[in-house]
Amino acid sequence: MANDVNIAVIYYSATGNVHRLAEAVAEGAVKAGAHVRVHRVPELAPDTAIDANPQWRAHVDETHDVVPEARLDDLAWADAYAFGTPTRFGMVSAQLKQFLDQAGGLWLNGVLTDKPATAFTSSINRHGGQETTLVSLYNLFAHWGSVIVPPGYTDPVLYEAGGNPYGVSWPTGQPPELPDDQTLRAAQYQGHRLADIARRLTPKEESTR
């Protein structure tokens, strides 16, 4: 397609829930014809903390050599962004925040302006700060001058997944469980919607004869 778009799905995941959501968002964007990079931000927690949670350690080891680490070049490459994070007291995780804080140079040079952006999250329970975490990311998008793309209530699949208009969110419960099929379908839809909006906003190349 003449106006293919590049989408960066950048996330932090401790035990794998946000990782699975990131994969589903990417799947939806790919189905919409986008070129997609799925990259994780670096882990900042010490090994002592990670080793205290077997699921955390397992996920770190499983993804270390499989999922590339995110770089600022990914932000420059992409036409649109999907950011994922677990909630941390109703806010973005330190790992994702540290990555985003490094984007000041790109912001200053206007590289991030006018690009569509969306977000997704996970917490132990449905009222564990999911919406405030997503809105805190949308505050950042406003500073970037992004076009904020929440899923809203634009498809029935969103109601089936819990009806969060700010972004797909998953309550893991205790012990943690990976996102169910309804939530993964909603995440796929969110990725597809982001790609569609990005394509509408990306200028079409003039055909040559």
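In this predicted model, the lining of the largest pocket draws on both helices and strands: helix 1 (17-31), helix 3 (54-63), strand 3 (80-88) and strand 5 (116-123) each put in at least two residues. Strand 3 turns out to be the top contributor, with 3 residues. In total, 21 residues line this pocket, and those nearest its centre are Thr 15, Pro 86, Arg 88, Ile 124 and Thr 172. The space inside comes to about 420 Å³. As for the chemistry of the lining, polar residues make up 14 of the set, with 6 nonpolar ones and just 1 charged.

The second largest pocket holds about 160 Å³ of space. Here it is helix 3 that gives the most to the lining, again with a count of 3 residues. The walls are made up of Tyr 11, Tyr 12, Ser 13, Arg 40, Val 41, Glu 43, His 59, Val 60, Thr 63, His 64 and Glu 69. Sorted by type, that lining splits into 4 nonpolar, 4 polar and 3 charged residues. Helix 3 is thus a part of the story for both pockets, supplying at least two residues to the lining of the largest one and 3 to that of the second largest.

Next come the aromatic rings. A pair of such rings is described by how far apart the centres are and by the angle between the planes. The structure has 7 aromatic pairs. In one of them, Tyr 81 and Phe 83, the ring centres are 5.8 Å apart and the planes meet at 35 degrees, so the pair counts as tilted. Both partners, Tyr 81 and Phe 83, are buried.

Tyr 138 and Phe 141 make another tilted pair, with 5.6 Å from centre to centre and 40 degrees between the planes. These two sit in helix 7 (residues 130-144), where a spacing of 3 residues puts them about one turn of the helix apart. Tyr 138 is buried, and Phe 141 is buried too. The two pairs don't stand alone: ring pairs tie Tyr 81, Phe 83, Tyr 138, Phe 141 and Trp 144 together into a cluster.

One more ring has a charge for company. The charged end of Arg 37 is perched over the ring of Trp 77, at 4.0 Å from the ring centre.

How values were computed: Residues numbered from 1 in each chain as written. Predicted model: local features only at pLDDT ≥ 70, side-chain atom pairs only at ≥ 80, totals over all residues. Heavy atoms only, no water. 1 Å grid on protein atoms, 1.4 Å probe; cavity = no way out; pocket = protein on both sides within 12 Å on 5 of 7 lines; lining within 4 Å. Points joined across faces, edges and corners; volume = space filled by probe spheres on them. Helix = DSSP H or I, 4+ residues; strand = E, 2+ residues; numbered from the N terminus. Nonpolar A, V, L, I, M, F, W, Y, C, P; charged D, E, K, R; others polar. Phe/Tyr/Trp six-rings, centres within 6.5 Å; stacked < 30°, edge-to-face > 60°. Buried < 20%, exposed > 50% of the residue type's maximum accessible area, 1.4 Å probe, protein only. Lys NZ or Arg CZ within 6 Å of the ring centre and 35° of its normal.
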